[in-house]
Amino acid sequence: MRRSGRSGAALIGVVSAAVALGVTEAVAAFVRPEATPFVTISGAVTDRAPQGPREWAIRTFGTGDKAFLLTVIAVLLALFAAGLGVLAARRLGHGIAGVLALGAFGAWTAIDRPSFEAADLAPVSVGTLFGVLTLVLLTRPDLVDRRPLARPLPGAPEDDVREPAPDTSRRTVLLVGASAVAAVAGFGGRMLQHARFNAEKSRAAVAGNLPTPISAAAPAGPGPVEPGLTPYLTPSADFYRIDTAFTVPQLRAEDWELRIHGLVDREIRLDYRQLRERIAIERDITLACVSNDVGGDLIGNARWLGTPLADLLREAGIRPGADQLVSRSPDGMTIGTPLREVLDGRDAMLAYAMNGEPLPIKHGFPVRMVVPGLYGYVSACKWIVDLEVTRFDAFSAYWVRLGWARQAPIKTQSRLDTPRDASTVEAGPVPIAGVAWAQHRGIAAVEIQVDDGPWQPAELAPQTTTDTWRQYRLLWNATPGRHTLRVRATDGTGAVQTAANADVIPDGATGHHHIEVTVR
């Protein structure tokens, strides 16, 4: 096959795959967005990825890790499809078999999802059928026009089109038409999914009547004001998001229901209205991701409004021997929380508002769980619909099965926000500022070290709760040259932040954040 022929055949393969994927998006609009192959394949890859590459993606791309993975999968699918196109040009039957194999793989990833429903097979099944039809019609356009493309070579198989000169005008028309079908089906399917499943209208409907808390968050005292210093409260739009949901679950408040069951005396079911009719508390709580490196930004502080979780569990009646609370979301995520921490008096809650508004959809609307002092992977279930009281020796949650620790209290950490690493500042007074956190223990002190000099105490913002980070500031008399700045914190128990460097796996990173600055 000539090079130009291979290029054309590869294009046919890519267009056929695009039609298949576009059709899956259109069919998913009548099933659910989670049933599209992009979502199921991405989920399967995420579940089976080794910890090293997974953490590299989070460390490198942060909250853009999902977009990175989707891009990689799209490129690999395009390359595979191009190969199928070339294969089909040589032996059409082999190309068809390749498409069917790809469809079978997509079906397997759908079945493999924890939240699988039989209807989830519809998008990949119909998409595969359209992919096969498109590949056949583009490879053999004579099937839609009985005029022969060319006579086969003597003794050559009838479907061997390596030598005949194709009717390029006919094939071009079909290529353009198939591309249009792919675009219309893909973009149209996405728009229809958004129209049918988007929960924004439901969120807007409950925005104007948030419950009044019986206990409001303590007003934060005036903290240091420095350019580049992280604000005390993180705007919802800037709050970090790390989870495995490639399609954000769209739950309407009017359809939401929570089930509490397991090792309890009585099962409880609550809808959204009943949950909001319970007593409400408002608290400032800092959440942190276990994948947050030393000095990282996978952490945020928000004002949460919700109902106390411990009260609900006690109403259900916890049976002796229970030590784990497993929370579930509709996408199949499971999070295991130590029951002791939920019941020890801290402000664990089922939150339905964040920073004075209903939870943003990407942060768990209509309801999520918040437990101060624990990393998110063992406490902060978003889009929560199920709570099971159980035991650690009876069930291992999602992240634990992947090698993370069952117990994960947040470690004492501190971060330098300003000046920035590798920046240049003028000699003289230079403010050093940042945040430190040790949720549920509080921050008692923060110290700064310049080069190998003595640790110097920083000025701390007022602390109204031990469950949030604490801002700090130190005015440094900077001298010309290159300097290394380090920060460490002491928590409310008197324990000093360790200098020992540890990776995020299995229960959070440790070490001192340090930066280098040039003073001129």
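1. Two strands count as paired when DSSP finds at least two bridges between them. On that basis, this predicted model contains an open sheet of 5 strands in the order β12-β19-β18-β14-β15, with mixed pairing. The edges of the sheet are formed by β12 (424-425) and β15 (455-457), each of which pairs on one side only. Within the sheet, β14 (residues 443-450) and β18 (residues 481-491) run antiparallel and are joined by 7 bridges. One point of register may be checked directly: Val-446 has Ala-489 in β18 as its bridge partner.

2. Strand β10 (residues 386-390) merits separate attention. Of its 5 residues, 5 are buried, so the strand is largely enclosed by the rest of the structure. Both of its faces are covered: Asp-386, Glu-388 and Thr-390 are buried on one side, and Leu-387 and Val-389 are buried on the other.

3. Strand β10 has pairing partners of both senses. With β1 (residues 257-262) the pairing is parallel and extends over 4 bridges, whereas with β5 (residues 324-328) the pairing is antiparallel and extends over 5 bridges. As to register, Leu-387 in β10 stands opposite Ile-260, and Asp-386 in β10 stands opposite Arg-328.

4. Helix α10 (residues 309-316) has a buried set consisting of Leu-309, Ala-310, Leu-312, Leu-313 and Ala-316. Viewed down the axis of α10, these buried residues fall within an arc of 160°, so they line one face of the helix. Just after α10 comes Gly-317, which takes a positive phi of about 80°.

5. The structure holds 34 salt bridges. Side chains of opposite charge can pair when their charged atoms come close. A pair that deserves inspection is Arg-59 with Asp-293, whose closest N and O atoms are 2.5 Å apart. This pair links distant parts of the chain: Arg-59 lies in helix α3 (residues 51-61), while Asp-293 lies in the loop between β3 (281-288) and β4 (299-308), 234 residues apart. Arg-59 is partly exposed, with a relative accessible area of 42%, and Asp-293 is likewise classed as partly exposed, at 23% relative accessibility. The cut-off for buried is under 20% relative accessible area, so Asp-293, at 23%, is not counted as buried.

6. Arg-252 takes part in salt bridges with Glu-254 and with Asp-255. For Arg-252 and Glu-254 the N to O distance is 3.8 Å; for Arg-252 and Asp-255 the closest N and O atoms are 2.7 Å apart. A salt bridge requires the side-chain nitrogen to be within 4 Å of the carboxyl oxygen, so the pair with Glu-254, at 3.8 Å, satisfies the criterion. In terms of accessibility, Arg-252 is partly exposed at 40% relative accessible area, whereas Glu-254 is exposed at 54%.

7. Beyond individual pairs, a network of salt bridges links Asp-65, Lys-66, Arg-241, Asp-243 and Lys-382. Two members of this network, Asp-243 and Lys-382, recur in the next point.

8. A search of the whole structure finds 5 cavities of 30 Å³ or more. The largest has a volume of about 390 Å³. Its lining comprises 27 residues, and those closest to its centre are Ile-242, Asp-243, Gly-376, Tyr-377 and Lys-382. Among the contributors to this lining, α3 and β3 each supply at least two residues. By residue class, the lining of the largest cavity divides into 16 nonpolar, 5 polar and 6 charged.

9. The second largest cavity has a volume of about 270 Å³. Of the 22 residues that line this cavity, Ala-17, Ala-20, Leu-21, Leu-102 and Gly-103 lie nearest its centre. Helices α1 (3-28), α2 (37-48), α4 (65-90), α5 (92-112) and α6 (121-139) each supply at least two lining residues, and α1 gives the most, with 6 residues. The lining of the second largest cavity consists of 13 nonpolar and 9 polar residues, with no charged ones; the lining of the largest cavity, by contrast, includes 6 charged residues.

Notes: Residues are numbered from 1 along each chain as its sequence is written. This is a predicted model: local features need pLDDT of at least 70, side-chain atom pairs count only at pLDDT 80 or more; totals for chains, interfaces and linings use all residues. Side-chain values use heavy atoms; hydrogens and water are left out. Buried means under 20% relative accessible area, exposed over 50%, partly exposed in between (1.4 Å probe, protein chains only). The arc is that of the directions from the helix axis to the C-beta atoms. On a 1 Å grid over the protein atoms alone, a cavity is a set of points where a 1.4 Å probe fits but cannot get out, and a pocket is an open set with protein on both sides within 12 Å along at least five of seven lines; lining residues have an atom within 4 Å of a point. Grid points are joined across faces, edges and corners, and a volume is the space filled by probe spheres set on the points. Ala, Val, Leu, Ile, Met, Phe, Trp, Tyr, Cys and Pro count as nonpolar, Asp, Glu, Lys and Arg as charged, and the others, Gly among them, as polar.
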